[in-house]
Amino acid sequence: MKNLVFCAFLAVLIQGAVLAQEFELGVFGGLSPHLGQPALGSLSDSPNNNDTFLGHSRDIYGARLTWNSKGYYGMEVGLSVQHMGFLTNYSTTASDGTVFSAVLTDRVKVAQASYNFLCYFMPRGERWRPFATAGLEGTEYNAPHFPEWPGGGSKELGFNFGGGVKLKLFKHALMRLDLRDSMTARPYGQLQFSQNSLPPGGLMQIWEASLGFSATF
């Protein structure tokens, strides 16, 4: 994850330095109001494909570095962090036949690094600049903290798309609103699936709605 962020950051920095165009460096915060997910599997002796869930994020925050051309496009690298609820229905059978069942819960950190292309609908220098964006990303899902977990988190690749609008506040500052929809491969390959069915496919889907402020130079 760190190598991905560094390489993407360096690509934007080199491109902007060579072409001597405008940069934006900013921070943002927001919410993840919707989460779509495939069946994640189970920790139980007799697994049910839908035993495990990731819940809604309470907040999301991060930073972005953007390079803008003189015209209608730009490149951007970003890093965001959010915390999601983790819930799994767990059951195991002891050697004497006793069945132990519990609902295990925790909150896990989810970090995303992205490299995006931006297409603006107004030229640089305008007060309002609506834009569309799409790009690649890497997502790291941390492991939950309970003894039954087999160990390790999950790192997955995916993509995102969305749009937003930038508002110039004054010469070297702007405000931006973003809506993003990101999708990655199903996380937590440690979880098991029912032997009576094939492992289901599907993508993890995370929505982001955020407000940010950037310095331009």
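**Exercise 1. Which residues do ring pairs link into a cluster?**

*Solution.* Begin with the criterion: rings of Phe, Tyr and Trp (its six-membered ring) pair if their centres lie within 6.5 Å, and planes under 30 degrees apart count as stacked, over 60 as edge-to-face and the rest as tilted. Applying this to the model, one finds that ring pairs link Phe86, Tyr141, Phe146, Trp149 and Tyr188 into a cluster. A search of the whole structure gives 10 aromatic pairs.

Before going further, note the basis of these values. The model is predicted, so local features need pLDDT of at least 70 and side-chain atom pairs count only at pLDDT 80 or more, whereas totals for chains, interfaces and linings use all residues. Residues are numbered from 1 along each chain as its sequence is written, and side-chain values use heavy atoms, with hydrogens and water left out.

**Exercise 2. Classify the ring pair of Phe23 and Phe217, and then place both residues in the chain.**

*Solution.* The ring centres of Phe23 and Phe217 are 5.6 Å apart with the planes at 25°, so the pair is stacked. Phe23 belongs to strand E1 (residues 22-32) and Phe217 to the segment after strand E9 (203-216), so the pair ties together parts that are 194 residues apart in sequence; strands (E, at least two residues) and helices (H or I, at least four) are DSSP runs, numbered from the N terminus. For accessibility, buried means under 20% relative accessible area, exposed over 50% and partly exposed in between (1.4 Å probe, protein chains only). Phe23 is buried at 11%, while Phe217 counts as exposed at 52%.

**Exercise 3. Treat Phe86 and Phe146 in the same steps.**

*Solution.* With centres 6.0 Å apart and planes at 50°, the rings of Phe86 and Phe146 form a tilted pair. Phe86 lies in strand E4 (residues 73-93), and Phe146 in the loop between strand E6 (128-141) and strand E7 (154-170), so the pair ties together parts that are 60 residues apart in sequence. Phe86 is buried, with a relative accessible area of 1%, and Phe146 is buried as well, at 11%.

**Exercise 4. Which salt bridges does Arg64 form with Asp178 and Glu208, and over which ring does Arg64 lie?**

*Solution.* A salt bridge is a side-chain nitrogen of Lys or Arg within 4 Å of a carboxyl oxygen of Asp or Glu, and the structure holds nine of them.

1. Arg64 bridges to Asp178, with the closest N and O atoms 3.7 Å apart. This pair links distant parts of the chain, since Arg64 is in strand E3 and Asp178 in strand E8 (residues 173-185), 114 residues apart. Both Arg64 and Asp178 are buried.
2. Arg64 also bridges to Glu208, where the closest N and O atoms are 2.9 Å apart. Arg64 lies in strand E3 and Glu208 in strand E9, so the pair ties together parts that are 144 residues apart in sequence. Arg64 counts as buried at 7% relative accessibility, and Glu208 at 9%.
3. Arg64 lies over the face of Phe28, at 3.9 Å from the ring centre; a charge sits over a ring if NZ of Lys or CZ of Arg is within 6 Å of the ring centre and within 35 degrees of the ring normal. Likewise, the charged end of Arg129 sits over the ring of Tyr120, 3.7 Å from its centre.

**Exercise 5. Describe the salt bridge between Lys155 and Glu140, and then name the network that contains Arg64.**

*Solution.* The closest N and O atoms of Lys155 and Glu140 are 4.0 Å apart. Lys155 is in strand E7 and Glu140 in strand E6, 15 residues apart. Lys155 counts as exposed at 59% relative accessibility, whereas Glu140 is partly exposed at 24%. Salt bridges that share partners join Arg64, Glu76, Arg176, Asp178, Arg180 and Glu208 into one network.

**Exercise 6. Where is Asp51 found, and with which residues is Asp51 in contact, leaving aside its neighbours within four places in sequence?**

*Solution.* Asp51 is found in the loop between strand E2 (35-36) and strand E3 (52-68), and is buried with a relative accessible area of 10%. Contact means heavy atoms within 4.5 Å. Leaving aside neighbours within four places in sequence, Asp51 is in contact with Gly41, Ser42, Ser44, Leu87, Thr88 and Asn89.
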